[in-house]
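Here's a quick tour of a protein model, written for someone who would rather be at the bench. Have a look at the structure, then read on.

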Amino acid sequence: MLSVRGRRVFTKAKQLTLRRYAQVALTEENEYTETPNYPQIQDMSLQARKLRKRQAVYEKIKKINTVEEKQIALNMPRYYGWPCIMLGDDRFPYSAMPLVQFYTRTHFKPIETLPTSYSETSELANSIVNEIKSHVEDCIVMENDSIRRSDDCQLEESQKEDNLAKNIVRQINRIITNNAADKVPHILPSQIDYDPRHEAFWFMGGSNVPDNVVNWRKQYAPLKDRLYEPIDRPVQYKGTPFLTVRNHLPLKPFVPYSEATNPEFKVEKFSYLPESVGYTVEFRHGTNIPGFWPGDLDEFGLLSFHGRGHILNRKESYGPQDNLEALHCQAMVASFGWLLAQANYQGFTTYNDITYPLSTQTVITNGHLISLYAYQLNTITMNIDMIDNNLKHNICFGTAPMKLFETIENSQVKGLNLDVLKMLVQFYLNMPEAREHEMKPYLGKDKQVVADIEDDNRRCWLEDRYKHLVSNRPKHNLLPEVYLWENIYKIKHKTRFFEAKRRPFELGVNPYKRRLDEHLPPYIPKVLRPYPKARKKFETTYYPEV
């Protein structure tokens, strides 16, 4: 209790404060400007408010400093993961070319020879081919005729073909790199990965709304006018190439970056549901992994080799033309997925577009037939807010399958195609170079990966959380399942209204909308609690604020 004198002092101080605020308000009210300044009038419709909310999330993700925290932020809205459209490099449905081009925003240009940018290395490639052609012939004969594998009888034909191609690719890679290491400076410091893990995640807009979303919207009166409002479809790519080569510098663009907006490269819109084409949906967290963890210095891909054993599993009725398109689809998906994951490690995301192009080279082979592709990534933002406003497109140059040799007779290679071998050598000789612009504009200056964080607790927590997230292990509490009889009698026909409502779909709860940070942190036993904060029962979490 304050005394009478204390109350008087307090009242006088309060009056002085109010008087000071009144003087400031009066000064601001009397301010004069020559041109009137009106507040911005905002559109208060539901769609406009949702757009501003999404843009605020995009801006928050852009301002996050480290690569790992950006990846965690992409998965924050979903505790159980996203319903991802799964794309891979080992299965392509019939007539998948329009969908793949639209989902990767890639213009495909068939070629017979490499682009003009490779002409600089023509003479050096000819000399290397003359030196290695006998070694290449020996490795082809060795892998085809001189080795018998005991597990071949247990494998399918597609697996046998991929195993043979993988061994030939590794031998040819060894021969070319050993011979070219002293001729070009970028071969020796480059890293080679065998069977790396390539994954990429992005959001795709522009396709039709699934039936389950339309049926859910029909239950609510305010949504009856928005039944077919477009939504983002999460897309996940997963692939495992035979071999990749990467360097600390990126490849030069194949075409000028200004050509990304060329209307000739525009891709036709594919609005049909991917499920109708033959692709499946899987609940999982979105992951972007280019074959290595954040912080590796060699973070730009130069070359990747892929198998084509999946062609043997396709139906004969598809025909050779669709098989050729399947190879082109494989090259576009694999190249786009690898470059997108690399772009995420540079600080860009599916919400924040790249500010410079990235390039890579892709080879698809079975040890006998070889297809060569040069891919340039110009854009990665294809969500519902950018799909119609983004004028940039990606570009892929690709050849038809070419024979590396004709036949093998009496343990000798007949008809080795030196032109194809030269094109392959030119892929290795394509020299990366440093860029003049800033490579990581959306990452922090001092902290770009979690390993740069000085706080031990925060660094260790974020590292463990990120690695657990990209492992996609199942949750401790699994996602509630809707049984078939419940779907028939409780959801579609509603014939069991007399039963108590205990299930999430009966209580109006959507378990899929649970956020990633909506869980109880690990409990701290009383003995292990830090003094004097003995009342802190749970560990601190460091989720990014999104």
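A word on terms before we start: helices here are DSSP runs of H or I with at least four residues, strands are DSSP runs of E with at least two, and both are numbered from the N terminus. With that in hand, look at the end of helix α4: the residue that follows is Arg105, and its phi is positive, near 50°.

**The big picture**

Keep in mind that this is a predicted model. The mean pLDDT of the protein is 90, and 93% of the residues reach 70 or more. Confidence varies by element, though: helix α1 (residues 4-29) has the lowest mean pLDDT, 52, while strand β4 (residues 198-204) has the highest, 97. Where pLDDT is low, the predicted coordinates should not be read in detail.

The protein has 12 helices and 15 strands. Its C-alpha trace spans about 115 × 65 × 65 Å along the principal axes. Of its 546 residues, 46% count as buried. What about contacts along the chain? Taking contacts between residues at least 6 apart in sequence, 81% join residues at least 24 apart.

**Two enclosed helices**

Why is helix α3 (residues 67-74) described as largely enclosed by the rest of the structure? Because eight of its eight residues are buried. The list runs Val67, Glu68, Glu69, Lys70, Gln71, Ile72, Ala73 and Leu74. As for what surrounds them, these buried residues pack against α2 (46-63), β1 (82-88), α9 (319-345) and α11 (456-471).

Helix α4 (residues 97-104) is also largely enclosed by the rest of the structure, because seven of its eight residues are buried. Those are Met97, Leu99, Val100, Gln101, Phe102, Tyr103 and Thr104. Arg105, with the positive phi, comes right after this helix.

**Empty space inside**

Rolling a probe the size of a water molecule over the atoms shows where empty space is left. How many cavities of 30 Å³ or more does the structure hold? There are three. Here are the two largest ones, along with the second largest pocket.

| Space | Volume | Lining by class |
|---|---|---|
| Largest cavity | about 60 Å³ | seven nonpolar, two polar, no charged residues |
| Second largest cavity | about 50 Å³ | six nonpolar, three polar, no charged residues |
| Second largest pocket | about 570 Å³ | 10 nonpolar, six polar, five charged residues |

The largest cavity is lined by Ile168, Val169, Ile172, Phe305, Thr365, Gly367, Ile370, Leu404 and Leu424. Helix α6 (residues 157-180) gives the largest share of that lining, three residues.

Around the second largest cavity you'll find His186, Ile187, Ser190, Val245, Leu302, Leu303, Gln361, Phe427 and Tyr428. Both β9 (300-307) and α10 (418-429) supply at least two residues each to this lining.

Now for the second largest pocket, which holds about 570 Å³ of space. It has 21 lining residues, and the closest to its centre are Trp461, Arg465, His519, Pro522 and Glu539. Five residues of the lining are charged, whereas the linings of the largest cavity and the second largest cavity have no charged residues.

**Cysteines**

A disulfide is a covalent bond between the sulfur atoms of two cysteines. How many disulfides does the structure hold? Zero. Take Cys396: the closest cysteine sulfur is in Cys329, 10 Å away, so the gap is too far for a bond. Cys396 has a relative accessible area of 0% and therefore counts as buried. Cys84 is buried as well, because its relative accessibility is 0%.

**A loop residue with distant partners**

Finally, have a look at Ser271, which sits in the loop between β6 (243-247) and α8 (274-277). Is Ser271 buried or partly exposed? With a relative accessible area of 25%, Ser271 is partly exposed, because buried would need a value under 20%.

Which residues does Ser271 touch, leaving aside neighbours within four places in sequence? Its contacts are Gly206, Ser207 and Asn208. Val209 is 62 residues away from Ser271 along the chain, yet the C-alpha atoms of the two are 9.2 Å apart.

Conventions:
Residues numbered from 1 in each chain as written. Predicted model: local features only at pLDDT ≥ 70, side-chain atom pairs only at ≥ 80, totals over all residues. Heavy atoms only, no water. 1 Å grid on protein atoms, 1.4 Å probe; cavity = no way out; pocket = protein on both sides within 12 Å on 5 of 7 lines; lining within 4 Å. Points joined across faces, edges and corners; volume = space filled by probe spheres on them. Nonpolar A, V, L, I, M, F, W, Y, C, P; charged D, E, K, R; others polar. pLDDT = per-residue confidence, 0-100. Disulfide = S-S within 2.5 Å. Buried < 20%, exposed > 50% of the residue type's maximum accessible area, 1.4 Å probe, protein only. Contact = heavy atoms within 4.5 Å.
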